[in-house]
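Here is a short set of exercises to work through with the coordinates open. Try each task on your own before you read its solution.

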Amino acid sequence: MSDHTVNELMAAVIAREIADDDLVFTGVGTAGRPFTLAVGLPVVATRLAQAAHAPGASLYWGNLLSPDLDRMPDSWLQDSFTRWPCASQLTETSQKIDMLARCRFDVSFESAAQVDRFGNLNITRINHPDGRLKTRLIGCLAQPEHLAFVRKPIIVVDLSPRVFVEAVDYVTSFGHQRHGVTRERYRLPGPGPQLVVTDKAVFDFQGDGGAMRLRTLHPGATVDEVVGLMGFRPEISATLTETQPPTAEQVRLIRSHIDPRLSLLRA
């Protein structure tokens, strides 16, 4: 029996990607598993990094810079969020967009309804096979700017054939290429998505032309299982290894200090 959960493993993977003095951005999120993926895991990972190798890393959560993570709100209602003590709170979303355009953020976290082999993301619409609108999604928010300007965007999603598709129905955020058109064509200054952290494996984009590549398998997972949960076959790293698990100290920190009430890793 494992002495850690999948969420704790994913948080440890993400924590290793955060460097000292990084400015890390995560959004506010929604509820249930989407909240855990888009918000809970990034926040826990940032706390793990701060406690170990990156004490100078700062978290920008929604419009709050460095909220007091030792005094988490009792709920995630807007009133509780806006009253949360923090170093600074921007009053206009345009200020955050300006920071993004100036490449001020080092790491950002993305989740999406669809991800394709080149890291294009869709949170805008799901289409019928003939291209007609089937489902309207949340919309772009600031995600296009994340993939355009942030130094290390990290995608955090669960493996599913509905999510990992050959080509997204709509490009909300541009990855590494689309129909042969690359980032250079649009003069995007950021490098594009760098990592995909899932509940079964970790991927990078070191494949041909920026294609998704399977980098590590979580303990117990197999290549066939992972590929069977995707709508395309990723490239496989020649040095494919098992994902490094969290340390006993990381698990202790998560359970006793960072998230003892499971308000972040709730699902």
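A salt bridge here is a side-chain nitrogen of Lys or Arg within 4 Å of a carboxyl oxygen of Asp or Glu. The model is a predicted one, in which local features need pLDDT of at least 70, side-chain atom pairs count only at pLDDT 80 or more, and totals for chains, interfaces and linings use all residues. Residues are numbered from 1 along each chain as its sequence is written, and side-chain values use heavy atoms, with hydrogens and water left out.

**Exercise 1. Salt bridges across the sequence**

Task: find how Arg 255 and Glu 8 meet, and work out which parts of the protein the pair ties together.

Solution.
Step 1. Look at the side chains: Arg 255 and Glu 8 form a salt bridge with an N to O distance of 2.7 Å.
Step 2. Place both residues on the helices and strands (DSSP runs numbered from the N terminus; helices are H or I with at least four residues, strands E with at least two). Arg 255 sits in helix H8 (residues 248-258) and Glu 8 in helix H1 (residues 6-15), so the salt bridge ties together parts that are 247 residues apart in sequence.
Step 3. Check accessibility, where buried means under 20% relative accessible area, exposed over 50% and partly exposed in between (1.4 Å probe, protein chains only). Arg 255 is partly exposed at 45%, whereas Glu 8 is buried at 5%.
Step 4. Repeat for Arg 151 and Asp 22, whose side chains meet in a salt bridge at 2.9 Å, N to O. Arg 151 lies in the loop between helix H5 (143-149) and S10, and Asp 22 in the loop between H1 and strand S1 (23-26), so this pair links parts 129 residues apart in sequence. Arg 151 is partly exposed, at 39% relative accessibility, while Asp 22 is buried at 5%.
Step 5. Turn to Asp 68 and Arg 71, where the closest N and O atoms of the salt bridge are 3.6 Å apart. Asp 68 is partly exposed with 24%, and Arg 71 is exposed with 52%.
Step 6. Widen the search: the whole structure holds 15 salt bridges. Glu 17, Lys 152 and Arg 215 are linked in a network of them.

**Exercise 2. The sheet**

Task: write down the strand order of the open sheet and say which strands stand at its edges.

Solution.
Step 1. Use the pairing rule: two strands pair if DSSP finds at least two bridges between them.
Step 2. Follow the partners through the 10 strands, which gives S4-S3-S2-S1-S5-S10-S13-S14-S15-S16 with mixed pairing.
Step 3. Look at the ends. Strand S4 (88-89) and strand S16 (235-242) each have a single partner strand, so one side of each is left without a neighbour in the sheet.
Step 4. Zoom in on one pair: S5 (residues 107-110) and S10 (residues 152-156) run in the parallel sense over 4 bridges. Val 107 stands opposite Lys 152 in S10.

**Exercise 3. The nonpolar cores**

Task: find which element gives the most residues to the largest nonpolar core.

Solution.
Step 1. Build the cores as sets of buried Ala, Val, Leu, Ile, Met, Phe, Trp, Tyr and Cys residues joined through side-chain atoms within 4.5 Å.
Step 2. The largest has 37 residues, and Leu 41, Val 44, Leu 48, Trp 61, Phe 109 and Val 156 have the most contacts inside it.
Step 3. The elements giving two or more residues are H1, helix H2 (32-51), strand S2 (58-61), S5, S10, strand S13 (195-197) and H8. H2 gives the most, with 9 residues.
Step 4. Leaving aside neighbours within four places in sequence, list the contacts of Leu 48 (heavy atoms within 4.5 Å): among them are Ala 11, Ala 15, Leu 253 and Ile 258.
Step 5. Look for another core: a second, separate one of 21 residues includes Val 163, Met 212, Leu 217 and Met 230.

**Exercise 4. The overall picture**

Task: describe the protein as a whole.

Solution.
Step 1. Count the elements: 8 helices and 16 strands.
Step 2. Take the extents: the C-alpha trace spans about 50 × 45 × 35 Å along its principal axes.
Step 3. Add burial: buried residues make up 50% of the 267 residues.
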